[in-house]
Amino acid sequence: MSEVKPVKWGILACGGIAKAFAKAVNQTECSVLHAVAARDADRAQAFGAEYGATRAYGSYEALLADPEVDAVYIATLHPFHLEWMLHAFQAGKHVLCEKPITMNLREAKRAQSMAKDKRCLLREAFMYRHHPQTQKVADVVKSGVIGRVRMIEANFCYNSGVNPESRLQAKELGGGAILDVGCYSMSFCRLVAGRDQDRLFSEPLELKAVGYLDPQLKTDMWTTAVMRFEGDIVAKATAGLRVNADKVGVVYGDKGRIIVKDPWHCQGEIRVELDGGGEPEVFAADTSRSLFVYEIESFVGEMRGQPIGGSEVAMRYDDTLGNMKALDWWRSEIALSYEADRV
Ligand SMILES: NC(=O)c1ccc[n+]([C@@H]2O[C@H](COP(=O)([O-])OP(=O)(O)OC[C@H]3O[C@@H](n4cnc5c(N)ncnc54)[C@H](OP(=O)(O)O)[C@@H]3O)[C@@H](O)[C@H]2O)c1
């Protein structure tokens, strides 16, 4: 029997998240870190040396021209995701692209269309969706133990200070809380609402949002969207870049609730509390493996023709498109409320 060769990865952009990914590639059996690329050759060399890449390139084009690269992980900033996905598909590479996949739904559809034309796999890198903790949340919802879902709350906030030049806050670098972390809280609400309705995910039927736009930067710094989903489920997705709030997901049913202490990095626990009292059921997260390891194994599995990661909750592309549509909606609501405030 012929041995299955590990997938050769190329990492495009050597920033913060690329480090976590490179480390995880080295922890898998199914993948090797073949090449890295940065806009600066010395930085690429240093990054490649640190994580044991076979090759280091001083341009993204050079990495994509390497015939040995099987799959590309795009870790540049979101305004540049589309451009580099299109180049990667042109070169016949499979693509795992960091979240948010693009700046808006229109761009996400364009990426999908070219991936299809070139017969390349395209997935958005929502690593929390590959972790068993997220599957557990979905399973508890579906089991009906907390009854029918009535309300959902999902918060992803942190305080990055006043930092107008950072990628988080500068408009031209894709700044704003919705695109950086709102994509997680939105995806959680859509997943849970879908699970209650026996679907993989669900789309909001109504959405209203308020938030604070930095007056100079014109990017959203903290914001909440409230939504109605099928089944009369009301959900609240919150995102913040200049506020420290609990990172938490809570699902309220008509018989109890599920509290997910660290839904995004999956290092906490899930508590299931029933309205009648009694001891809550607590599921500790499995922290023995990096979230990125699950994500890489899932992607490689799909490249090899297996169903998506063996995990129902992993982010499929129709889920990605639904999420981008909801993020567009959320962002337009904030812009409208901001303008109305100043009439
Ligand atoms: N899944 C997660 O947990 C997670 C966490 C954080 C971020 N992310 C996502 O990953 C992406 C990168 O975020 P990051 O935190 O890694 O950012 P970062 O540390 O600032 O690195 C971003 C990289 O973008 C590249 N880049 C290309 N054009 C640029 C420009 N005009 N200005 C600045 N940088 C430019 C740079 O690549 P060179 O190396 O070529 O210079 C830089 O290394 C974002 O889309 C973000 O949403 C995901």
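## Two domains in contact

In this predicted model, 30 residues of domain 1 are in contact with 23 residues of domain 2, contact meaning that the C-beta atoms of two residues, placed from the backbone, lie within 7 Å. On the side of domain 1 that touches domain 2, the elements giving two or more residues are α1, β5 (94-98), α5 and β6 (122-125), where helices (H or I, at least four residues) and strands (E, at least two) are DSSP runs numbered from the N terminus. The residues of that side divide into 18 nonpolar, eight polar and four charged; Ala, Val, Leu, Ile, Met, Phe, Trp, Tyr, Cys and Pro count as nonpolar, Asp, Glu, Lys and Arg as charged, and the others, Gly among them, as polar.

The domain assignment of the chain gives domain 1 as 7-125 and domain 2 as 128-341, with bounds that come from an automatic or database domain assignment. Taken over C-alpha atoms, the centres of the two domains are separated by 25 Å.

## Basis of the model

Residues are numbered from 1 along each chain as its sequence is written. Because this is a predicted model, local features need pLDDT of at least 70 and side-chain atom pairs count only at pLDDT 80 or more, while totals for chains, interfaces and linings use all residues.

## Around the ligand

Both domain 1 (7-125) and domain 2 (128-341) give residues to the shell around the ligand, so it lies between them. Of the 22 residues around the ligand, Ala13, Gly15, Gly16, Ala38 and Glu98 come nearest, a residue being near if its C-beta atom, placed from the backbone, lies within 6 Å of the molecule. Helix α1 (residues 16-25) gives the most to this shell, with three residues, and by class the shell has eleven nonpolar, four polar and seven charged residues.

## The eight-stranded sheet

An open sheet of eight strands runs in the order β8-β9-β10-β7-β11-β12-β13-β14, with mixed pairing; two strands pair if DSSP finds at least two bridges between them. At the edges stand β8 (206-213) and β14 (281-284), each with a single partner strand, so one side of each is left without a neighbour in the sheet.

Strand β7 (residues 149-157) pairs with strand β10 (residues 233-240) in the parallel sense over seven bridges, and Ala154 stands opposite Ala237 in β10.
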